[in-house]
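Welcome, and thanks for taking a look at this protein. Please open the model alongside the text, so that each residue can be found as it comes up.

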Amino acid sequence: MPDATARPLEPDAWAALARARHSVRDFRPDPVPEPVLREVLGDAITAPSWSNTQPYRLAVASGPLRDRISGELCARFDAGMRARRGGPVERARVAITRTGLPDGDFRVPERYPDDLQPARVACGRGLYEVLGIDRGDLPARDRQMRRNFEFFGAPTVVFLFVHGGLREYAVLDAGVLLQTLMLAAHARGLGTCAQGALAIWAGPVRSAFEVPPQYRLICGVSLGYPSAEPVNAFRPGRAPLEDVLLAPRDA
Ligand SMILES: Cc1cc2nc3c(=O)[nH]c(=O)nc-3n(C[C@H](O)[C@H](O)[C@H](O)COP(=O)(O)O)c2cc1C
């Protein structure tokens, strides 16, 4: 019989950790000490996976490498934005040179499904409100989007790759790893922001690391110590549990 009283961690302590984790979108420049980084990554890889295949790889960048990747991603973002917001000449230039066009391993959804769109809009609205950005202020919105590629000032960024041969199962496993990593970081006073935006352009990351061809970039995670900026107070709520639970059909 399992010991029902055995508790590896007080449930309240676990709940406090899980509930207090949130996305951090402004970091102090203080570096993450190497031993702490290793602990976080070591905890992350304890995540369970499909047949224990661990179908993912991590690429970590700090210091000059982090700066170089950030610079290259920002250059692509800027080129893409010039095309988007610019006139026909700028659009033609991008079409010819292809600079700024996404080269990610996965296609980022342009349109969200209708039933998910309200949550997306509410999240964006809440974030802009905390940042004091008017929804109609496109330059300010672009600047905020660009912060993704500056890793929100984080000293370290972790890129997450999944094995293409396991399709959605590798992506599922990567999600489990991602949350384990974020909680491991949070337990050590670090902040994180998972960023799908960091997979829009794969070129700068692929060229910086030895990435086996079967691995595809799915997202990045900025990692560092949270600043006291108001943006870090943003806490998007969750749908009530009743909305997530499916009702049983009548017997
Ligand atoms: C896979 C994934 C990708 C995300 N991509 C981005 C992103 O590109 N930029 C960003 O600012 N936040 C991104 N987020 C953060 C979500 O917006 C955030 O998790 C959600 O709004 C809930 O807020 P919370 O993390 O503070 O609880 C991402 C989160 C996940 C899990």
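What follows is a short tour of this predicted model, from its overall build to its side-chain pairs.

## Overall build

The secondary structure of the protein comes to nine helices and four strands. Read from the N terminus, these elements follow the order α-α-β-α-α-α-α-β-α-β-α-β-α. Along its principal axes, the C-alpha trace spans about 75 × 45 × 45 Å. How does the radius of gyration agree with that of a compact globule? For 251 residues, such a globule would have a value near 18 Å, and the protein has 20 Å, which agrees.

Of the 251 residues, 36% count as buried. The accessible surface comes to about 15100 Å², and carbon and sulfur atoms account for 56% of that area. If you take the contacts between residues at least 6 apart in sequence, 82% of them join residues at least 24 apart.

## Salt bridges

Side chains of opposite charge can pair when their charged atoms come close. In this model the count comes to 14 salt bridges. Three of them are set out here, with the N to O distance for each pair.

| Pair | N to O distance | Relative accessibility |
|---|---|---|
| Arg 147 and Asp 26 | 2.8 Å | Arg 147 23%, Asp 26 16% |
| Glu 39 and Arg 188 | 2.8 Å | Glu 39 40%, Arg 188 28% |
| Arg 167 and Glu 168 | 3.1 Å | Arg 167 51%, Glu 168 48% |

Let's start with the salt bridge between Arg 147 and Asp 26. Arg 147 belongs to helix α6 (residues 138–147), while Asp 26 sits in the loop between α1 (11–20) and α2 (34–44), so this pair ties together parts that are 121 residues apart in sequence. Asp 26 counts as buried, whereas Arg 147 is partly exposed. Both residues also take part in a network of salt bridges that links Asp 26, Asp 78, Arg 146, Arg 147 and Glu 150.

Next comes the salt bridge in which the side chains of Glu 39 and Arg 188 meet. This pair, too, links distant parts of the chain: Glu 39 is in helix α2 and Arg 188 is in the loop between α7 (167–187) and β3 (191–195), 149 residues apart. Glu 39 counts as partly exposed, and Arg 188 is partly exposed as well.

The third pair joins Arg 167 to Glu 168. Is Arg 167 buried or exposed? At 51% relative accessibility, Arg 167 counts as exposed, because the cut-off for that class is over 50%. Its partner Glu 168, at 48%, counts as partly exposed.

## Aromatic rings

The structure holds four aromatic pairs. In one of them, the ring centres of Phe 151 and Phe 159 are 6.3 Å apart and the planes stand at 75 degrees, so the pair is edge-to-face. Phe 151 is buried, with a relative accessible area of 0%, and Phe 159 likewise counts as buried at 0%. Ring pairs also link Phe 77, Phe 149 and Trp 201 into a cluster.

A charge meets a ring in this model too. The charged end of Arg 120 sits over the ring of Tyr 112, 3.8 Å from its centre.

## Around Ser 70

Where is Ser 70 placed? Ser 70 is in helix α3 (residues 63–85). This residue is buried, with a relative accessible area of 7%. Leaving aside residues up to four places away in sequence, Ser 70 touches Phe 149, Glu 150 and Phe 151. These contacts bring several earlier themes together: Phe 149 belongs to the ring cluster, Glu 150 to the salt-bridge network, and Phe 151 to the edge-to-face pair.

## Positive phi in a loop

Two residues deserve a look for their backbone angles. Ser 51 has a positive phi of about 50 degrees although it is not a glycine. Asn 52, also a residue other than glycine, has a positive phi near 55 degrees. Ser 51 lies in the loop between α2 and β1 (56–62), and Asn 52 has its place in the loop between α2 and β1 too. Ser 51 counts as exposed at 68% relative accessibility, and Asn 52 is exposed with a relative accessible area of 54%.

Conventions: Residues numbered from 1 in each chain as written. Predicted model: local features only at pLDDT ≥ 70, side-chain atom pairs only at ≥ 80, totals over all residues. Heavy atoms only, no water. Helix = DSSP H or I, 4+ residues; strand = E, 2+ residues; numbered from the N terminus. Buried < 20%, exposed > 50% of the residue type's maximum accessible area, 1.4 Å probe, protein only. Contact = heavy atoms within 4.5 Å. Salt bridge = Lys/Arg side-chain N within 4 Å of Asp/Glu carboxyl O. Phe/Tyr/Trp six-rings, centres within 6.5 Å; stacked < 30°, edge-to-face > 60°. Lys NZ or Arg CZ within 6 Å of the ring centre and 35° of its normal. Rg over C-alpha atoms; globule rule 2.2 N^0.38 Å. Areas by Shrake-Rupley, 256 points an atom, 1.4 Å probe, with all protein chains shown as cover.
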